[in-house]
Amino acid sequence: MDSYRRPYLSLLLLLIFPCLTLSSPDQRTKYVRRDLLTDVTSTVPDSLRDDITQGVLQNWWFGIPRDVAAVRDAFGISDINSLRAENEFMNVPGYANYTSHGWNLRVSGLLHTEPYFMLPLATQNAIARVFVPDVDWNSLTANEQNNARNLTGALFSVPIEGEELRFHLKWAGESPIGNNNSGTGWEDRITFPQRTNEVGEIQGFLELQGRGLPDGREEGGVAGVLDIWTEGIESGNSTGYLVPERGVTIISDIDDILRVTKIYDPKEGLLNTFARDFVPWMNMPSIFAAWSSSNTLSSNFSRRSSPRSPYHFHYLTTTPEQATRVYMDFIYTHYPLGSFDTRPFTARTASDTFNVRRNLLHQIFQTFPSRKFVLIGDTTNPDVLSEYPNLASTFPGQVNCILIRNVSATEPDNRLPYNTAAFANLKREMYMFFNTPNDLAGLDFYRGDCVNPNVRQYVGGEYGFGWRNVPSDGGLFGFDNLGGALSSWRADKDMILGMFLMVGITIFINISVCPKYFSF
């Protein structure tokens, strides 16, 4: 029997035996409406559950201390300064754009201390245990315990307000995008014009002055990579990426698209984030490596003799700024070098998280109005599914392609529904929902590629747009997926009419024959 005709069987049984499935009046079962997200978070502590049910894994971060008093209370000490921790600066790798005035480098970061590491080891462990609930701490390996302490220490950082930061910047003169470059090398020391704010952050653009920098009026990936040191702070080293006016920038989310996180399973997600070493998702690094090393550019770039990388890679995560060092270490170990965007320390709610992604995406689009963008994400991120398509209408002509990993295709335990409605107004050739990294192999974004014709799509066309991965007990009339049910109904108009007719007859017979079992 065809799968889409299975609903007939259930209705036929009710039609023939209209009262068999009903309890007697005295034994009537009370059915409780199933709450999908309650099921998902049933193993998570109450303190985290409300945040996770908002649909964003990064909401775990909302419960961490936000000021000195909160950190002090968590540590159980009266004077946080007694721990005498050294100043640290989380220097986020930024991008620079080229204008008529030259290069402008985006600088952002967080000045803070990490007094957590001054605490006795037993106290550190007690605090870190909070982030790996329902797990025996002693069952973790020494490396996993150390990972948990490192990330916990970063989260329990204390911001430093009102400090002046000075940077030493240098470009050695080598261009990653080709041989035709007029830059000879450049070096400067620049004081950031504003002091750190009340949460220890700085953010803004620095104008890079002087001769020797590469020409930014070219096309391609990255025209040069700056080495950046924060004077007086050993941990403040970073890089800056000189991105030319024209070319293609690949913007990618990280969790469950570049690394295995499993945000749909809170317990596993916490372990994969706090304890276990970060692991790439399947062979995604090789796909990015192939893009980075590909020798493909637009016809306007044909004068290049041997370009080293045609793309600028930008990694955007809504993980809090103070926790992103482990993300950057992972990316730079497995993926091409590139700039970063993270969630500022000031973002504290789910609403802030959605706004942060939108604001950061708008900023990079506005900074590079002549560049094209490829956007990569996954179905477990609701803000990605809404913001990526919206960018195509907000910035016409700048979105080349949207690539969304269908997490459900390879992760049967994923029970998070997702909504594809925002894609309804996009041209079909502008997006692809893919299943594995191999589905992306061979795409040439300068050629305008986006869709692999061999990958079956379940969004758009006869399948429509809307909610997907919507489960119920046994499926909706036998379907595991509401979207699949709706698409199957569209495939057989006669079945639709038959379905409604049988539902109506079944309800009428049950109410007529067994009225004592129905009370309203």
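## A walk through the chain, starting at one tryptophan

Let's begin with a single side chain. Tryptophan 291 touches Ile250, Pro310, Tyr311, Phe313, Ile376, Leu403, Leu440, Leu443 and Phe445, leaving aside residues up to four places away in sequence. Keep in mind that this is a predicted model.

Trp291 also belongs to something bigger: the largest nonpolar core, which has 35 residues. Phe288, Trp291, Leu403 and Phe445 are the ones with the most contacts inside this core. Several helices and strands each supply at least two of its residues, including those in this table:

| Element | Residues |
|---|---|
| Strand S1 | 87-92 |
| Helix H8 | 284-293 |
| Strand S10 | 248-252 |
| Strand S11 | 311-320 |
| Helix H9 | 325-334 |
| Strand S13 | 372-378 |
| Strand S14 | 399-405 |
| Strand S16 | 431-434 |

Another core, of 30 residues, lies apart from that one, with Val222, Leu361, Phe373 and Phe423 among its members.

Now for the sheet. In which order do its strands sit? The order is S12-S11-S10-S13-S14-S16, 6 strands in an open sheet with parallel pairing. Strands of a sheet pair through backbone hydrogen bonds, either parallel or antiparallel. At the edges you'll find S12 (339-343) and S16, each pairing on one side only. On average, neighbouring strands here are turned by 15 degrees against each other, direction ignored.

You can zoom in on one pair, too. S10 and S11 are joined in the parallel sense over 5 bridges, and serine 252 has tyrosine 315 in S11 as its bridge partner. Helix H9 lies across S11 and S12, and runs at about 155 degrees to S12.

Elsewhere, two helices meet. H6 (residues 142-155) and H7 (residues 266-275) pack at an angle of about 85 degrees, with their axes 7 Å apart. Angles from 65 to 115 degrees count as roughly perpendicular, and H6 and H7 are therefore roughly perpendicular to each other. On the H6 side, the contact is made by Asn143, Glu144, Asn147, Ala148, Leu151, Thr152 and Leu155; H7 brings Thr273, Phe274 and Ala275.

Finally, step back to the whole protein chain. Its secondary structure comes to 13 helices and 17 strands, and 52% of its 520 residues are buried. Take the contacts between residues at least 6 apart in sequence: 73% of them join residues at least 24 apart. The chain's accessible surface comes to about 23500 Å², with 50% of it belonging to carbon and sulfur atoms.

Methods:
Residues are numbered from 1 along each chain as its sequence is written. This is a predicted model: local features need pLDDT of at least 70, side-chain atom pairs count only at pLDDT 80 or more; totals for chains, interfaces and linings use all residues. Side-chain values use heavy atoms; hydrogens and water are left out. Helices (H or I, at least four residues) and strands (E, at least two) are DSSP runs, numbered from the N terminus. Buried means under 20% relative accessible area, exposed over 50%, partly exposed in between (1.4 Å probe, protein chains only). Contact means heavy atoms within 4.5 Å. Accessible areas come from the Shrake-Rupley method with a 1.4 Å probe; for residues, only the protein chains shown count as cover. A nonpolar core is a set of buried Ala, Val, Leu, Ile, Met, Phe, Trp, Tyr and Cys residues joined through side-chain atoms within 4.5 Å. Two strands pair if DSSP finds at least two bridges between them. Axes are lines fitted to C-alpha atoms, for helices over the stretch in contact, and angles run from 0 to 180 degrees between N-to-C directions. Angles under 35 degrees count as roughly parallel, over 145 as roughly antiparallel, 65 to 115 as roughly perpendicular and the rest as oblique.
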